[in-house]
Amino acid sequence: MRRLPPMELFIFALTAIFLVVGWKVYGGLHPVAGLGHAQKAPSQLYARMSIRYPKPPIFEEEYRMQDVEGISTFEYRVRSYACREITVKAPPGKIYDVSFFFGGLDQDGIWQMLDLPPLKGADAFYTVYVKQLADFKQGERTVTFTDPQYWASRTPHREFRLDLSKQNANDLLHMQSQVTGDRRYAQVVDDFRTFGPDEFRQNVAAARARARTSGCVAPTTQPQ
């Protein structure tokens, strides 16, 4: 039997090694493996806004929305100083109200909002909380503020505009200024206030009206 030269033996052994390694690396993978991993990524959305009132008749309002793996639930709860508590709750369902709502919060700048100092004599204190878990990434934010309409119209921030297209050098020294507000807080509050189908909003309005009435009653739950 002819013995192979050392160089041929080396080439043969190296080829065998590459074949084994190649099979282990590429033979066990499936082109859908990465996609399957993405499909298993958890998807969870949570949003909550609570409003505390320092004076009667309403003590607190709270909106809660969540979408977990495509199943949405949302509810509204109101409590009065007269011990009245009413909850309006929608049953779980495969609907898109919460996901669309969360997208609106994102567009309105919820992730860029910061805590604002409470104004003296504020008639309502807002706390907004959002949490998102998607594509194996998580983010959450809590923001507190008062008087969103005040910040929308009277924020003492001055914006300067300079028109460089002017030919007159004196115009370069003239900068037009105007006071601008931050409407994100008012817009986010409005997003919560106007959330949901007509029936849900109508029941929320009815619950709020009932909570304003006098008399101490036991907590009740009102279906959506």
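**Charges, burial and packing in a predicted model**

Reader: Why is Lys-89 called partly exposed?

Author: In this predicted model, Lys-89 has a relative accessible area of 46%, and since the term covers values between the 20% limit for buried and the 50% limit for exposed, Lys-89 is partly exposed.

Reader: What makes the pair of Glu-75 and Lys-89 a salt bridge?

Author: The closest N and O atoms of Glu-75 and Lys-89 are 4.0 Å apart, and the cut-off for a salt bridge is 4 Å, so the pair is counted as one. Glu-75 belongs to strand E3 and Lys-89 to strand E4, so the bridge ties together parts that are 14 residues apart in sequence.

Reader: How do you know that Glu-60 is buried, and which salt bridge does Glu-60 form with a residue of strand E3?

Author: The relative accessible area of Glu-60 is 7%, and because buried means under 20%, Glu-60 in strand E2 meets the criterion. Its partner is Arg-77, with the closest N and O atoms 3.7 Å apart, and this pair links distant parts of the chain, Glu-60 being in strand E2 and Arg-77 in strand E3, 17 residues apart. Arg-77 is buried as well, with a relative accessible area of 16%.

Reader: What other polar contacts does the side chain of Glu-60 make, and which network of salt bridges includes Glu-60?

Author: The side chain of Glu-60 makes polar contacts with the side chains of Arg-52, at 3.0 Å, and Arg-79, at 2.8 Å; the limit for a polar contact is 3.5 Å, so both distances lie within it. Arg-52, Glu-60, Glu-62, Arg-64, Arg-77 and Arg-79 are linked in a network of salt bridges, and the structure holds ten salt bridges.

Reader: Why is Arg-84 said to have no salt bridge, and which polar atoms lie close to its side chain?

Author: Arg-84, placed in the loop between strand E3 and strand E4, is buried, and its nearest side chain of opposite charge, that of Glu-85, is 11 Å away; a salt bridge requires a distance within 4 Å, so this pair does not qualify. The side chain of Arg-84 does have a polar atom 3.0 Å from the backbone oxygen of Arg-210, and it makes a polar contact with the side chain of Thr-213 at 3.3 Å.

Reader: How do you know where the buried residues of helix H3 stand around its axis?

Author: The buried residues of H3 are Val-98, Phe-101, Phe-102 and Leu-105. They cover an arc of only 100° around the axis, which puts them on the same side of H3, whereas Phe-100 and Gln-107, on the other side, are exposed. An α-helix has 3.6 residues a turn, so residues three or four places apart point the same way. The buried residues of H3 pack against strands E1, E2, E3 and E5 and helix H5.

Reader: What makes Gly-104 of helix H3 partly exposed?

Author: Gly-104 has a relative accessible area of 22%, and because the limit for buried is under 20%, Gly-104 counts as partly exposed. Its C-alpha atom is separated by 9.7 Å from that of Gln-187, although the two are 83 residues apart along the chain.

Reader: Which residues touch the most other members of the largest nonpolar core?

Author: Of its 37 residues, Met-49, Met-65, Tyr-76, Leu-105, Phe-145 and Phe-192 do. Leaving aside neighbours within four places in sequence, the contacts of Phe-145 include Met-113, Phe-125, Tyr-185 and Val-189.

Methods
Residues numbered from 1 in each chain as written. Predicted model: local features only at pLDDT ≥ 70, side-chain atom pairs only at ≥ 80, totals over all residues. Heavy atoms only, no water. Core = buried A, V, L, I, M, F, W, Y, C linked by side-chain atoms within 4.5 Å. Buried < 20%, exposed > 50% of the residue type's maximum accessible area, 1.4 Å probe, protein only. Contact = heavy atoms within 4.5 Å. Helix = DSSP H or I, 4+ residues; strand = E, 2+ residues; numbered from the N terminus. Lys, Arg positive; Asp, Glu negative; His and termini not counted. Polar contact = N/O pair within 3.5 Å; in protein donor to acceptor, adjacent residues only side chain to side chain. Arc of directions from axis to C-beta.
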